[in-house]
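Here is a reviewer's note for a colleague who is new to reading structures. Please keep the sequence and the 3D view open while you go through the numbered points.

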Amino acid sequence: MADIALLSPQASGRLTAKGRAAGTDGLIGLTFGADVPAGTLVGKTLRDAVFAFEGTLQKGDLNGNVTGNAFLDGNRVDLASAIAVNDAEKRLGDLKFTAGGARLTGDVAQNKDGLLDGKLSLAAPDVSTAAALLLRQATGAVNADIALEPREGRQNASVRANIDQLVVGNVRVGKADLDATIADLFGVPMADGSFNASKVVAGGIDISTVQATAQQQGEATNFNANAKLDNGATAAVAGGLTPIEGGFRLALQQADLAQGKLTAKLVEPAALQMRGQAISIDNLALDVGGGRITARGEVNDKLDVAVNIADLPLAIANAIRPDLGLAGTINGTANIGGTRQSPEVRFSLKGNSIAAAALRQAGLSTINLDAEGNSTANRLDVKASVTSPEGLRASVNGAVPLDKGALALDIGLESFPLAVLNAAVPNQRLGGNVSGTARVSGQLDNPAATFNLRGAGLRAAALEEAGAAPLELIIAGSFADKVLTLSSATASGPQGLSLTASGRVPVSGNGLDLSVRGEAPLSLANRFLAERGAQASGTLTANATISGNLRQPSIRGMFSTQGAQFVDPESNVRVQSIAVMGTIDGDRVTIRNASANLGAGGSVSATGTVSLDAAAAFPADIRIMLNNARYSDGNLVVATVNGTLAITGPLTRDPLLSGRIDVDRAEITVPDTFGGGAAALDVRHVNPPKAVAQTLKRARANDGTPTPTARPSVMRLDVSVNAPNRIFVRGRGLDAELGGQVKLTGPVSDIQPVGGFQLIRGRLSILTQRITFDEGTVTLVGDMDPFLNFVARSEGTDITVFITVSGRASDISVTFSSQPELPQDEVLARLIFNRGLDELSAFQIAQLAAAAAELAGGGNNSLLGNLRSATGLDDLDVITDSKGNAAVRAGRYIQDNIYLGVEAGAGGATRGTVNLDITRNLKAKGAVGSDGDSSLGVFYEKDY
């Protein structure tokens, strides 16, 4: 045998066996041998296992010897025994078996009446090796002496045994001792002896101690047993076993189970008699926690048994199995009649406020059960209903075959609130209600059903996150021969979401055939776009057929949308009149045609394919065409482009965007606004309150930056941008035209431009000066905020001035340098007025400051500081008035508490101001303007 795993999954190894029979004149010599060179038994390594028999067969008498040995998990196993089989007896003689820490010895014979005679002795400090030979996992120690003796046609036996820390499967015995003498073991046993055990676990019941004794009095055996469970429950039983003509009589004097105030006990002595196949029950009555169970009757060729249950508290079972968590009461009756061959049972059952741990895990606090029915040998008729406080209401009515008949059950689900399942499937936020009917027919091993189901207000976490809740559902169909057939299935949700389906779904194998049609509003995606303020509108329609099998379905169909729209304020993109038509064929999505108009002008279209192979990261080949597409970011860039782009490679694993873009015209505007955003302050909190400290800790621990769990997919670029001319850069005195070509490569997170846009013409205006740029470039570095670099040169009488405009368009920097080298303020004075700074008038200095502010955006603080120092003023700044006009402000303290100032605006208006510090916090302020606007006020100021 190639592998004995064919006999049992608990074993493995190659088995070879051979035998020989040879002889003459009725004397036949027999030899047989089997071996397993290598294998396993219940996970233990088996090596060099050999079993052999050698003997003779003569006139039906078999005599010989059995031997065997092996190594199991490194422990030696040996077997030796003589075997004799004849008409009078079967005998094992001089039996010796050792396996690791276990040893079994003895002699046993069985006579022709089947009675045993002999002795066996077992000494096993460790049973694990011996148990493995029986394909069982076991540990612990067992010692036993067994004597067997036939006497007057009866089997007698005496047993002395002890157990220590025995574990077999889920059964555990801490310690146990048995000492008993038994007469008529195979008939009506009569025993003298005792049994004691502790720390027993069996059937999920934890027993602290068990004590049982049996005493023979004449032909009767009186017994009693007491047990204490780990949970404090106690159990006791006492009675006698007496032989009677043709059988025995079992009399119960006591049967008690108690835990605290909850008890179950025998109301009065009861008896059970068995004669052959006839069994009679004498008025058995149990009081269970105030409820009662009674039984009486006879089981013979004719059956007549009556069982009554009145107010039975199910909590009594918790005394044995606390994990059941049962509660509630049961009332019912059962009457058993008919014959052994054709029994008939009539029953009724009512359960009130039934609770159980399993029900609570399913989300049901309690249920009420009402059932009645009757059964015959081949049919059970039942009518039952179940309700719960959570709103569950269900019923069943019909017949269940007990042989090869057909099912005929009508099931009514009046109400099933899905919220009850939230206890079993947490965090799914299930809601809504399911109702319906079903008719079950067919055989028990192959049932069939027709059904109608309706779901109202269905909710789940996944549906809510997709914006598809609440959902309404109507399903009609059937199930037969392990195939689900949908006559119709309709689901509808918010904002016009709808889905219909019909067809057949086999549980396994091929034959899947579903037709699906659906409409989904694109606005469902808005919740995922809300963070950037984007919105989509329109409707996506899809039709598909699904074939193949559930493991590998094949989808074929088409999808389309007309007149859809997408708006993204963050990128200032508005796409309208979106039209898409595509198909799905197996694992491939084909975009047959996709087009849209851009809100800023122009259009875009696309075609291509996307594979649905998730293992290959959805390979794609999509072509995108730009037709006079105009883009404006609303601030810095306006461009009109044409071109063809391609997205290829796996979409979720670094796809490639390649192609060519031709720029028809582009405008890059340098902002004229003064200053930028305030710099973040590095604040040190001194002794903050505990609550503030915790908040600061959380803010630093979760600053909104996502923590990646794997390297994200990053799009790669291979795009050529071609613009021979008409790239204009204007603003802040700049007016330039550029042209050229640049190739964008690398990932979008680190774009590597090759080439750039070079200056065609350009100039810089400063007051009355117009300076022509000698060189200039515009470089794309990863977003729509390009990097500018322009250099202009101006030759003076004794100096060459260089003006450099560089930086992002949104944060331009203007610097002045010279040859020979001079400070920036001096260079600017020489450039504009062709004289030194110390030679300028106050008005010229103001003009110089305004020019510097216009070029530098108010950010060249060092230049303004030098101008202020040159004039001896306490304050020199460039500001904007209420109408956004630039103005120069200058001022100086004439005493410690008196400040005089003057403002000269771009419109020619001037304004004089005086501030008088009366106290540290109280100040008087006055102003006189050339336009006649004057003011005077007293102010209280406090810094905090």
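Helices and strands are here DSSP runs, at least four residues of H or I for a helix and at least two of E for a strand, and they are numbered from the N terminus. Please also bear in mind that this is a predicted model.

1. The helix α6 and its two ends. Just after α6, asparagine 834 takes a positive phi of about 55°. The helix itself is largely enclosed by the rest of the structure, because eight of its ten residues are buried; these buried residues are Asp825, Glu826, Val827, Leu828, Ala829, Leu831, Ile832 and Phe833. On the other side of the helix, proline 820 lies in the loop between β50 (813-819) and α6 (824-833), and the peptide bond that joins glutamine 819 to proline 820 is cis, with an omega of about 5°.

2. A second cis peptide bond. Alanine 469 and proline 470 are also joined by a cis bond, with omega near 0°. Proline 470 is placed in the loop between α3 (461-465) and β31 (471-480), which you can find by following the chain from the helix to the strand.

3. Positive phi in residues other than glycine. Glutamate 152 has a phi near 55°, a positive value in a residue that is not glycine, and this glutamate is in the loop between β10 and β11 (154-168). Glutamate 152 counts as exposed because its relative accessible area is 78%, and the cut-off for that word is over 50%. Arginine 726 likewise has a positive phi, near 60°, but arginine 726 lies in a strand, β44 (residues 716-731). With a relative accessible area of 32%, arginine 726 is partly exposed.

4. Threonine 139 in β10. Which residues does threonine 139 touch, not counting those up to four places away in sequence? They are Val127, Gln165, Leu166 and Val167. Threonine 139 belongs to strand β10 (residues 138-151), and its relative accessible area of 42% makes it partly exposed. For glutamine 165, the separation from threonine 139 is 26 residues in sequence and 7.6 Å in space, taken from C-alpha to C-alpha.

5. The second largest pocket. This pocket holds about 850 Å³ of space. Its lining has 35 residues, and those closest to the centre are Phe97, Ala130, Ala131, Leu133 and Leu134. Several elements give two or more residues to the lining, among them the strands β3 (27-41), β4 (44-58) and β5 (61-72), the helix α1 (128-133), and β10. By kind of residue, the lining divides into 28 nonpolar, three polar and four charged.

6. Leucine 484 and threonine 590, each in a strand. Leucine 484 is in strand β32 (residues 483-492) and counts as partly exposed at 27% relative accessibility. Leaving aside neighbours within four places in sequence, leucine 484 is in contact with Phe451, Ser478, Phe479, Gly503, Arg504 and Val505. Proline 506 is 22 residues from leucine 484 along the chain, and their C-alpha atoms are separated by 6.0 Å. Is threonine 590 buried or exposed? Threonine 590, which is found in strand β39 (residues 588-598), is buried because its relative accessible area is 15%, and the cut-off for buried is under 20%. With neighbours within four places set aside, its contacts are Phe559, Met581, Gly582, Thr583, Gly608 and Thr609.

7. Alanine 235 in β16. Alanine 235 has its place in strand β16 (residues 234-244) and is partly exposed, with a relative accessible area of 27%. Apart from neighbours within four places in sequence, alanine 235 is in contact with Ala225, Asn226, Ala227, Asp256 and Leu257. Aspartate 445, in turn, is 210 residues from alanine 235 in sequence and 41 Å from it in space, C-alpha to C-alpha.

8. Aromatic rings. How many aromatic pairs does a search of the whole structure find? The search finds zero. A ring does take part in another kind of arrangement, since the charged end of lysine 925 sits over the ring of phenylalanine 939, at 5.2 Å from the centre of that ring.

How values were computed: Residues numbered from 1 in each chain as written. Predicted model: local features only at pLDDT ≥ 70, side-chain atom pairs only at ≥ 80, totals over all residues. Heavy atoms only, no water. Buried < 20%, exposed > 50% of the residue type's maximum accessible area, 1.4 Å probe, protein only. Contact = heavy atoms within 4.5 Å. Phe/Tyr/Trp six-rings, centres within 6.5 Å; stacked < 30°, edge-to-face > 60°. Lys NZ or Arg CZ within 6 Å of the ring centre and 35° of its normal. 1 Å grid on protein atoms, 1.4 Å probe; cavity = no way out; pocket = protein on both sides within 12 Å on 5 of 7 lines; lining within 4 Å. Points joined across faces, edges and corners; volume = space filled by probe spheres on them. Nonpolar A, V, L, I, M, F, W, Y, C, P; charged D, E, K, R; others polar.
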